[in-house]
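Okay, everybody, let's get going. I'll put the structure up and then talk through the parts I picked out.

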Amino acid sequence: MTDLAESVESMEQLAVVWRAMVLDRDADADVSDLPGIAVRWADCRFAFWNALTLTDVGADAHLLGQRLAQAADIMRSKKQPGFLWLFEDLLDEEARAVLETATERAGLQYAFPGTGMAGDLLPVADPVHPDLTFVRVTTDEQLRAYADLNARGYGFPLEAARDGLVGSALWKDRVYAYLAMRGDVPVACAGAMAADGRLFVVLVATDPEWQRRGYGEAVTRKALHEGARATGLTRATLHATVAGAPVYPRIGFKPNSPIRFYGLKD
């Protein structure tokens, strides 16, 4: 794949996976596919399930301005806050040069960075970590623990993360979601889901108390191992935060497009 093709793939994987995630959360969620904008908005308290992304490839500065204004209007029409996921490589050089000005004009503020990653890296070995055992999420109690790890790992209120995950059938069935257990304490988690011929890694988190011990990498490997074994897929994709970006290349992922996350200005 060319770099641009992988960046397009990264954006399309978001659209495919998030459609399933938000419809699982709310069957009436907004999953509109508009010209140049994919809306994936559950309007719940878990901000990651309130998302939209720009889908044009090679958008120039003028088109970027139009899309950002429309995206901000959509976000203002919702009850709960969320994020615009902007894949930088899908913009042309002129649009990237004016991005800061254009987002400011649209009433958006930069929240945090990310990076698209992918690789033909499956299967991976079943991981072994001296501190950990791994448990697949199959019960509401385990799913609540998974939500709580994401709340602590990403700085969300516990109730917000629980609002996004607790009660989900998809996460106990179609997602290969695993808890890394240190004794009887869940310390990290990762999920993987089949999406359009890839295995997409989603919602990896480690309790801040237990970070920098290899737990996040180990549980990600477990989700990939089990997901690949069940599906036979050989390609994997994900969207990395700053914390995860150094970890995933060790598994075999290669970065593609930088991602910029934006919220509405306060």
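Right after helix 6 comes Gly167, and its phi is positive, near 95 degrees. Keep in mind that this is a predicted model, and that goes for every number I give you today.

Let me stay with helix 6 for a moment, which runs over residues 158-165. Ala160, Ala161, Asp163, Gly164 and Leu165 are buried there. And what sits over them? The cover includes helix 1, helix 5, strand 9 and helix 7, that last one being residues 170-173.

Since we've started on backbone angles, here are two more with positive phi. Asp196 has a phi of about 55 degrees, positive although the residue is not a glycine. You'll find Asp196 in the loop that links strand 8, residues 185-195, to strand 9. Buried or exposed, this Asp196? Exposed, with a relative accessible area of 54%. Then there's Arg212, also not a glycine, with a positive phi of about 65 degrees. Arg212 belongs to the loop between strand 9 and helix 8, and at 86% relative accessibility it counts as exposed.

One more backbone item: the peptide bond joining Leu122 and Pro123 is cis, with omega at about 5 degrees. Pro123 is in the loop between strand 5 (108-119) and strand 6 (133-136).

Okay, on to the inside. In soluble globular proteins, nonpolar side chains tend to be buried together. Here the largest nonpolar core has 46 residues, and the ones touching the most other members are Trp18, Met21, Trp49, Trp85, Tyr146, Trp171 and Leu203. Helix 1, residues 3-25, gives the largest share of this core, 8 residues. There's also a second, separate core of 30 residues, and Leu121, Val124, Ala188 and Trp210 are among them.

I want to zoom in on Trp171. What is Trp171 in contact with, leaving aside its neighbours within four places in sequence? The answer is Met21, Asp24, Trp49, Val137, Leu143, Tyr146, Leu165, Ala177, Val202 and Leu203. Of these, Met21, Trp49, Tyr146 and Leu203 were on my list of core residues that touch the most other members, and Leu165 is one of the buried residues of helix 6.

Next, pockets, which I'm guessing is what you came for. The largest pocket has a volume of about 830 Å³. Its lining takes 34 residues, and nearest the centre lie Tyr154, Val204, Thr241, Ala243 and Gly244. The elements giving two or more residues to that lining are strand 4 (83-87), helix 5 (140-154), strand 9 (198-206), helix 8 (215-231) and strand 10 (236-240). Which of them gives the largest share? That's strand 9, with 7 residues. If you care about the chemistry of the wall, it's 21 nonpolar, 9 polar and 4 charged residues.

And the closed spaces? The count comes to 2 cavities of 30 Å³ or more. The largest cavity has a volume of about 60 Å³. Leu54, Asp56, Ala59, Leu63, Leu64, Arg67, Leu86, Phe87, Leu90 and Leu91 line it. Helix 2, residues 61-76, gives the most to that lining, with 3 residues, and strand 4 supplies at least two. By class, the lining has 8 nonpolar residues, no polar ones and 2 charged.

The second largest cavity has a volume of about 30 Å³. Its lining is Leu14, Ala15, Trp18, Ala38, Arg40, Ala51, Leu52 and Thr53. Helix 1, strand 2 (37-41) and strand 3 (50-54) are the elements that give two or more residues to it. That lining divides into 6 nonpolar, 1 polar and 1 charged. You'll recognise Trp18 from the largest core.

Last thing: cysteines. How many disulfides does a search of the whole structure find? It finds 0. Take Cys44: the closest cysteine sulfur is in Cys189, and because the two sulfurs are 16 Å apart, that's too far for a bond. Cys44 is buried, with a relative accessible area of 2%, and Cys189 is buried as well, at 0%.

That's my tour, so over to you for comments.

Notes: Residues are numbered from 1 along each chain as its sequence is written. This is a predicted model: local features need pLDDT of at least 70, side-chain atom pairs count only at pLDDT 80 or more; totals for chains, interfaces and linings use all residues. Side-chain values use heavy atoms; hydrogens and water are left out. On a 1 Å grid over the protein atoms alone, a cavity is a set of points where a 1.4 Å probe fits but cannot get out, and a pocket is an open set with protein on both sides within 12 Å along at least five of seven lines; lining residues have an atom within 4 Å of a point. Grid points are joined across faces, edges and corners, and a volume is the space filled by probe spheres set on the points. Helices (H or I, at least four residues) and strands (E, at least two) are DSSP runs, numbered from the N terminus. Ala, Val, Leu, Ile, Met, Phe, Trp, Tyr, Cys and Pro count as nonpolar, Asp, Glu, Lys and Arg as charged, and the others, Gly among them, as polar. A nonpolar core is a set of buried Ala, Val, Leu, Ile, Met, Phe, Trp, Tyr and Cys residues joined through side-chain atoms within 4.5 Å. Buried means under 20% relative accessible area, exposed over 50%, partly exposed in between (1.4 Å probe, protein chains only). Contact means heavy atoms within 4.5 Å. A disulfide is a pair of cysteine sulfur atoms within 2.5 Å.
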